[in-house]
Amino acid sequence: MSLAMLADFAVRLAWGMAAMLLVVPWRIVPPAFFRTHCQVILCLLVLAVLAQERWGGGPLSYALGVGAALSALAMIGWGLGLVRLALPLTAAVVASTLGAMAWASWGESSFAFSSLVLTARLSSALLLGSTLTAMLLGHHYLTAPSMTIDPLFRQVQIMAWALGVRTVLAALGLAILMMGGPDQTEGGRGMVLFLGMRWGMGIAGPALATYLAWRTVQIRSTQSATGILYIGMTLVLFGELTAMVLARDLNGVF
């Protein structure tokens with residue numbers, strides 16, 4: 001069963017943000033940051049449930065609903081400072097959303113292509129989640145200027161790795177398109193503009209933003225890094241939405 005496009009995007013972002021909470025050191029970053037993150041994840045998963053219900057509902061809606069309930073409990077746990085309760089709940093949110101993406105990725109295609117689709121979803125989710133987490137973490141330094149720079153530096157590193165994987169998969173998807181049959185090639189010709197936007201604003205732009213953010217974090221210029229990450233997040237959102245349109249219309253991985 002497939003995910004509605006809005007639900008697909010929401011669950012990718014939710015999974016990425018939840019996964020990043022397991023990376024951010026809770027002994028360094030204040031619990032309020034984790035609570036706010038869980039609030040955003042909760043809203044995203046509720047949106048995913050509503051979008052999937054309009055698409056047709058089914059078992060995926062229940063899986064997303066479980067993720068939303070777990071994120072609400074995790075939000076309460078972080079808000080009360082109950083780390084031993086909040087961490088497992090956050091991990092459960094990661095597991096439930098991962099299960100929903102895996103379920104949606106295995107369709108009528110071959111095992112190899114379904115695995116490629118799942119890998120693309122996970123790398124997209126990781127890029128979205130790490131970029132947004134880095135942006136929000138950079139903003140958090142405005143209220144906690146004495147906090148060590150290591151958590152932000154780690155998030156920018158994850159951004160770079162995720163973008164690298166996305167670039168490889170986008171190139172692979174383009175190669176599959178070019179080697180496809182006549183019908184797929186004809187469809188691809190009508191998507192030249194989208195492909196240009198995907199590679200220009202979706203890959204080259206975020207790559208430059210990631211590099212500039214990394215350099216500004218090195219000199220502990222957190223305000224400048226946060227501004228760059230705002231721009232980077234906009235470009236990543238644009239690129240990933242464009243990739244989802246291409247993947248839907250051309251039945252590929254972009």
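Is Glu240 buried or exposed? At 1% relative accessibility, Glu240 counts as buried, because buried here means under 20% relative accessible area. The legends below describe close-up views of a predicted model, beginning with the surroundings of this residue.

**View 1. The salt bridge between Arg166 and Glu240.** In this predicted model, Arg166 forms a salt bridge with Glu240, and the closest N and O atoms of the two are 2.8 Å apart. The pair links distant parts of the chain, since Arg166 belongs to helix H6 and Glu240 to helix H9, with their positions 74 residues apart in sequence. Arg166 is buried, its relative accessible area being 2%, and Glu240, at 1%, is buried as well. A search of the whole structure finds four salt bridges, and two others are the subject of the next view.

**View 2. Asp8 and its two arginine partners, Arg12 and Arg121.** Arg12 forms a salt bridge with Asp8, and their closest N and O atoms are 3.1 Å apart. Because they are four residues apart in helix H1, Arg12 and Asp8 are separated by about one helical turn. Arg121 also forms a salt bridge with Asp8, and here the closest N and O atoms are 3.1 Å apart. Arg121 lies in helix H5 whereas Asp8 lies in helix H1, so this pair ties together parts of the chain that are 113 residues apart in sequence. Asp8 is buried, with a relative accessible area of 6%; Arg12 counts as buried at 10% relative accessibility; and Arg121 is buried, with a relative accessible area of 9%. Through salt bridges that share partners, Asp8, Arg12 and Arg121 are joined into one network.

**View 3. The largest nonpolar core, with Leu45 and its contacts.** The largest nonpolar core has 69 residues, of which Ile41, Leu45, Leu64 and Leu152 touch the most other members. The elements that give two or more residues to this core are H1, H2, H3, H4, H5, helix H6 (150-178), helix H8 (192-218) and H9. The largest share, 12 residues, comes from H1. When residues up to four places away in sequence are not counted, Leu45 touches Val11, Ala14, Leu64, Gly67, Ala68, Ser71, Val93 and Thr97. Apart from this core lies another, of six residues, among them Leu177, Ala243, Leu250 and Phe254. In soluble globular proteins, nonpolar side chains tend to be buried together.

**View 4. Helix H4 and the helices that cover its buried residues.** Helix H4 runs over residues 83-105, and its 23 residues should span 33 Å at 1.5 Å a residue, which agrees with the 33 Å between its end C-alpha atoms. The buried residues of H4 are Val83, Ala86, Leu89, Thr90, Val93, Val94, Ser96, Thr97, Ala100, Met101, Ala104 and Ser105. What covers these buried residues includes helix H1 (5-21), helix H2 (31-55), helix H3 (59-79) and helix H5 (111-140). Val93 and Thr97, which appear among the buried residues of H4, are also among the residues that Leu45 touches.

**View 5. Helix H5 and the contacts of Thr226.** Helix H5 has 30 residues and reaches 42 Å from its first C-alpha to its last, close to the 44 Å expected at 1.5 Å a residue. Of its 30 residues 21 are buried, so H5 is largely enclosed by the rest of the structure. Thr226 has its place in helix H9, which covers residues 222-250, and counts as buried at 5% relative accessibility. Leaving aside its neighbours within four places in sequence, Thr226 is in contact with Met135, Gly138 and His139.

**View 6. A nonpolar patch on the surface that includes Leu82.** Leu73, Ile76, Leu80, Leu82 and Leu85 form a nonpolar patch on the surface, and together they have about 480 Å² of accessible area. Leu82 is found in the loop between H3 and H4. At 41% relative accessibility, Leu82 counts as partly exposed, because that class lies between the 20% limit for buried and the 50% limit for exposed.

**View 7. Leu195 and Phe34, two residues set apart along the chain.** Leu195 is found in helix H8 and counts as buried at 13% relative accessibility. The C-alpha atoms of Leu195 and Phe34 are separated by 36 Å, and the two residues are 161 residues apart along the chain.

Technical notes. Residues numbered from 1 in each chain as written. Predicted model: local features only at pLDDT ≥ 70, side-chain atom pairs only at ≥ 80, totals over all residues. Heavy atoms only, no water. Expected span 1.5 Å × (residues − 1). Buried < 20%, exposed > 50% of the residue type's maximum accessible area, 1.4 Å probe, protein only. Contact = heavy atoms within 4.5 Å. Core = buried A, V, L, I, M, F, W, Y, C linked by side-chain atoms within 4.5 Å. Salt bridge = Lys/Arg side-chain N within 4 Å of Asp/Glu carboxyl O. Patch = residues over 30% accessible without salt bridge, like charges linked within 9 Å, V, L, I, M, F, W, Y side chains within 5 Å. Areas by Shrake-Rupley, 256 points an atom, 1.4 Å probe, with all protein chains shown as cover.
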